[in-house]
Amino acid sequence: FVSEKDELPRLYRIGVSGRFLPNEPLVVTTEISQANSDVLIFGFGVEYTIRKIYSFRAGYTSANSEADRGLTAGFGLRFNPKFNIEYAFVPFGILGDVHRYSLTLRF
């Protein structure tokens, strides 16, 4: 490792999100990223929130491998401003489907 040099990995990423429909609880997001000399990866998603409690999400990513490319979906439940439960379904190609859960407690 002393005589060999390896370039440090670089990741360029830009994204934007916002509410494009006035008075609607719909958030739209998009992102473009590129690592070193890899191909461009783009992703986009939407989130719709009902009564500030239930959030439904869907998205797509064009990742450069079969393992993490495609449609995703999920939902979130906000019990109060300090306690949330989130779920996401992510198909992972030949590796199978991934179910992600998170529990958030703010204090």
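Me: A pocket is an open set of grid points with protein on both sides within 12 Å along at least five of seven lines. What volume does the second largest pocket have?

Reply: This is a predicted model. In it, the second largest pocket has a volume of about 230 Å³. Its lining counts 14 residues, and those closest to its centre are Glu-47, Thr-49, Lys-52, Ser-55 and Arg-78.

Me: What makes a residue part of that lining?

Reply: A lining residue has an atom within 4 Å of a pocket point. The 14 residues of the second largest pocket are therefore counted by that cut-off. S3, S4, S5 and S6 each supply at least two of them. S5 gives the most, with three residues.

Me: How do you know which class each residue of this lining belongs to?

Reply: Asp, Glu, Lys and Arg count as charged. Glu-47, Lys-52 and Arg-78 are among the residues closest to the centre, so by type they are charged. Thr-49 and Ser-55 also lie there; they are neither charged nor nonpolar types, so they count as polar. In the whole lining, seven residues are charged, four polar and three nonpolar.

Me: What volume and lining does the largest pocket have?

Reply: The volume is about 790 Å³. The lining has 37 residues, with Phe-44, Gly-59, Tyr-60, Thr-61 and Thr-72 nearest the centre. Strands S1 (11-18), S2 (26-35), S3 (41-50), S4 (54-61), S5 (70-80), S6 (83-91) and S7 (97-105) each supply at least two residues. By class, 18 are nonpolar, 11 polar and eight charged.

Me: Why are S1 and S2 called paired?

Reply: Two strands pair if there are at least two bridges between them. S1 and S2 have eight bridges, in the antiparallel sense. Eight meets the cut-off, so the strands count as paired. For Val-16, the bridge partner in S2 is Thr-30.

Me: What order do the strands take in the sheet, and why do S1 and S7 stand at the edges?

Reply: The order is S1-S2-S3-S4-S5-S6-S7, in an open sheet with antiparallel pairing. S1 and S7 each have a single partner strand, so one side of each lacks a neighbour in the sheet. From one strand to the next, the twist averages 15°.

Me: Why is Ser-33 called buried?

Reply: Buried means under 20% relative accessible area. Ser-33 has 8%, so it is buried. Ser-33 lies in strand S2.

Me: How do you know which residues Ser-33 is in contact with?

Reply: Contact means heavy atoms within 4.5 Å. Leaving aside neighbours within four places in sequence, Ser-33 is in contact with Leu-11, Tyr-12, Arg-13, Val-39, Leu-40 and Ile-41.

Methods:
Residues numbered from 1 in each chain as written. Predicted model: local features only at pLDDT ≥ 70, side-chain atom pairs only at ≥ 80, totals over all residues. Heavy atoms only, no water. 1 Å grid on protein atoms, 1.4 Å probe; cavity = no way out; pocket = protein on both sides within 12 Å on 5 of 7 lines; lining within 4 Å. Points joined across faces, edges and corners; volume = space filled by probe spheres on them. Helix = DSSP H or I, 4+ residues; strand = E, 2+ residues; numbered from the N terminus. Axes fitted to C-alpha atoms, helices over the stretch in contact; angles between N-to-C directions. Buried < 20%, exposed > 50% of the residue type's maximum accessible area, 1.4 Å probe, protein only.
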